[in-house]
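Trainee: Hi, have you got a few minutes to go through a structure with me? I'd like to start with the overall picture and then look at some details.

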Amino acid sequence: MRVNPRHVNTFAAFCLNAQALFTVSILVVIVCIIFIKGIANVNLEFILAFPEDMGRHGGIFPSIVGTFFLVLLSLLFAAPLGLGTAIYLTEYTRESRLTTLIRFGVESLAGVPSIIYGLFGFIFFVIKLKMGWSLLAGSLTMTIMILPTIIRTSEEAIKSVPASFRRVSYSLGATRWETTTRVVLPCAAPGILTGIMLSVGRAISETAAVIFTMGSSLRLPTSLMDSGRTMAVHFYILAREGISLDKAYATALVLVLIILAINAVAYYLMNRITTRYS
Amino acid sequence: MDCKINFEHIKVSFGSAAVLRDINLKVCRNSITGFMGPSGSGKSTLISLVNRMIDFDDGATFEGSVSIDGSNVLDPRTDVISLRKRVGTVFAVPLPLPRSIFENIAYGLRLQGINKRTVLYEMVAESLSKAFLFEEVRDRLHTSALKLSGGQQQRLCRARTLAIKPEIILLAEPCSGLDPISTAKIEEALSELKKEYTIVLVSNNTKQIARATDYAAFFYMGKLVEYGETASIFTTPAVQQTEDYIQGKFG
């Protein structure tokens, strides 16, 4: 017996809707729980004050600063390096053994668990290069960790720029560099930005690799060589060691709000670029 | 005749497939020369040598020489970047870049180091007028070029090429998909343009070659079958094949 295709279609539409809805609802539930449990303890003082008694009282100001600089420094190292690699792979070389090797390396890096990055960072940056637990060691470790994401997403974004745009550019007398910077990159910018945002998300929420390399000092980091504690690590320690669940949820809420804010800004920037180049 | 481009013993192959076999042809300065022939006859490949866009075709190898004003552009030492500023290309399909009308045309000018807004504006307006597009778009120069109609995009691409003031213009299928009135406009424009430029027009449309060109070449299967003044090619072709093609018996 043949099933009526119209019924199949209706059923498929229903399933797909349900799946999409289910996915979103998980996110909504998580955010709601954090919101409900955390909102009571979040206020301006919590954001701007220093923690007292291991975080049982006071605020999380040093953690916010620590998180901000960890993410900023990691991006500062990883974004140019990753974008450069992606440009090299797509625009400046033909497919060869070398590119296959680079891609294989990148894929492998992407699959390594973050705790391994943490151990590597600890042995190499903290001990061998004598950086100690520091913002620098932490952000260098994080750089290696987010590089694969940036490379892969940038590469995909650059590849999706139609070849005809490059042809037009060359036919008007542009060099490879001019074509790359003035035609290819602006078109690929939304995709590249997405990759960078994914990396920010990873770096901002990482705990294992950060504890091993940046430490978990509650003091305000004032130099590259200072240890510090990111919000995610702070949250982890508060909850894990049973110091204060209330403060843990409050920290989580601030973290979630910051991630949302960053995404909103990125989305806005992306829109501006796409309207300019379309 | 005053020779601008001289093709000598041109052989091109893609991998093991020969696309052009020993082409010898001289293109006259300040004239319109038409290359016609069925698709796959090698006419487009031949013009891709002049601006060295053939460099982007993987696996293409070429022999022979293409001289522009006596210097061989197939020489490996040729500065292809400045060559492409001298040889403008208008592709068969209109390919506007994803940006505003103004920026599309300013792109080639900026590559030449022209960045002053007033100068750019003047040159953009001038080339748009030459391509008969300025009146239609003068109020929306800063809107996206992708929103233009097909025919307008075609003219935009022409304006973009004219803006860089090349010596030679290579036009591929300049009127494909255009209505007869726009076609007539473009052909009229071409005869105006040849005063300043040497134009090579590649087309499947024999009627257009007959109307718009001074010299015509007929290619078939990678060989130059016949070449001469358009009037004589179309009235008294020397080769039977040419006659058959012109009359639409094949191709």
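Mentor: Sure, let's take chain B, its contacts with chain A, a sheet and one residue in turn. Keep in mind that this is a predicted model.

Trainee: Okay, how many helices and strands are there in chain B?

Mentor: Chain B has ten helices and ten strands. Its radius of gyration is 18 Å, close to the 18 Å that the globule rule gives for 251 residues, so chain B is as compact as a globular protein of that length.

Trainee: And what does the C-alpha trace span along its principal axes?

Mentor: About 55 × 45 × 35 Å for chain B.

Trainee: What percentage of chain B counts as buried?

Mentor: Of its 251 residues, 45% do. As for contacts in chain B between residues at least 6 apart in sequence, 69% of them join residues at least 24 apart.

Trainee: Switching topic: how many residues of chain B are in contact with chain A?

Mentor: There are 18 from chain B, in contact with 15 residues of chain A. On the chain B side, the elements giving two or more residues are α2 (80-86) and α3 (101-111).

Trainee: Which one gives the most?

Mentor: That's α2(B), with four residues. By class, the side of chain B that touches chain A has ten nonpolar, five polar and three charged residues.

Trainee: Now the open sheet of four strands in chain B. What's the strand order?

Mentor: The order is β2-β1-β4-β5, with antiparallel pairing. The edge strands are β2 (17-28) and β5 (71-72) of chain B, and each pairs on one side only.

Trainee: How many bridges pair β4 with β5 in chain B?

Mentor: Two bridges, in the antiparallel sense, with β4(B) covering residues 60-68. B:Ile68 has B:Ser71 in β5(B) as its bridge partner.

Trainee: Which strands does helix α1 of chain B lie across?

Mentor: Helix α1(B), residues 43-50, lies across β1 (3-14), β2 and β4 of chain B, and runs at about 120° to β1(B).

Trainee: Last one: where does B:Thr213 lie?

Mentor: In the loop between α8 (206-212) and β9 (215-220) of chain B.

Trainee: Is B:Thr213 buried or exposed?

Mentor: B:Thr213 counts as buried, because it has 28 C-beta neighbours inside 10 Å and the cut-off for buried is 20 or more.

Trainee: Which residues does B:Thr213 touch, leaving out those up to four places away in sequence?

Mentor: B:Thr213 touches B:Ile32, B:Thr33, B:Gly34, B:Leu201 and B:Thr230. B:Ser191 is 22 residues from B:Thr213 in sequence, and their C-alpha atoms are 8.4 Å apart.

Conventions
Residues are numbered from 1 along each chain as its sequence is written. Chains are lettered from A and ligands numbered from 1 in the order in which they are written. This is a predicted model: local features need pLDDT of at least 70, side-chain atom pairs count only at pLDDT 80 or more; totals for chains, interfaces and linings use all residues. The radius of gyration is taken over C-alpha atoms; the globule rule is 2.2 Å times the number of residues to the power 0.38. A residue is buried if 20 or more other C-beta atoms lie within 10 Å of its own, exposed if 12 or fewer, and partly exposed in between; C-beta atoms are placed from the backbone. Two residues are in contact if their C-beta atoms, placed from the backbone, lie within 7 Å. Ala, Val, Leu, Ile, Met, Phe, Trp, Tyr, Cys and Pro count as nonpolar, Asp, Glu, Lys and Arg as charged, and the others, Gly among them, as polar. Two strands pair if DSSP finds at least two bridges between them. Axes are lines fitted to C-alpha atoms, for helices over the stretch in contact, and angles run from 0 to 180 degrees between N-to-C directions.
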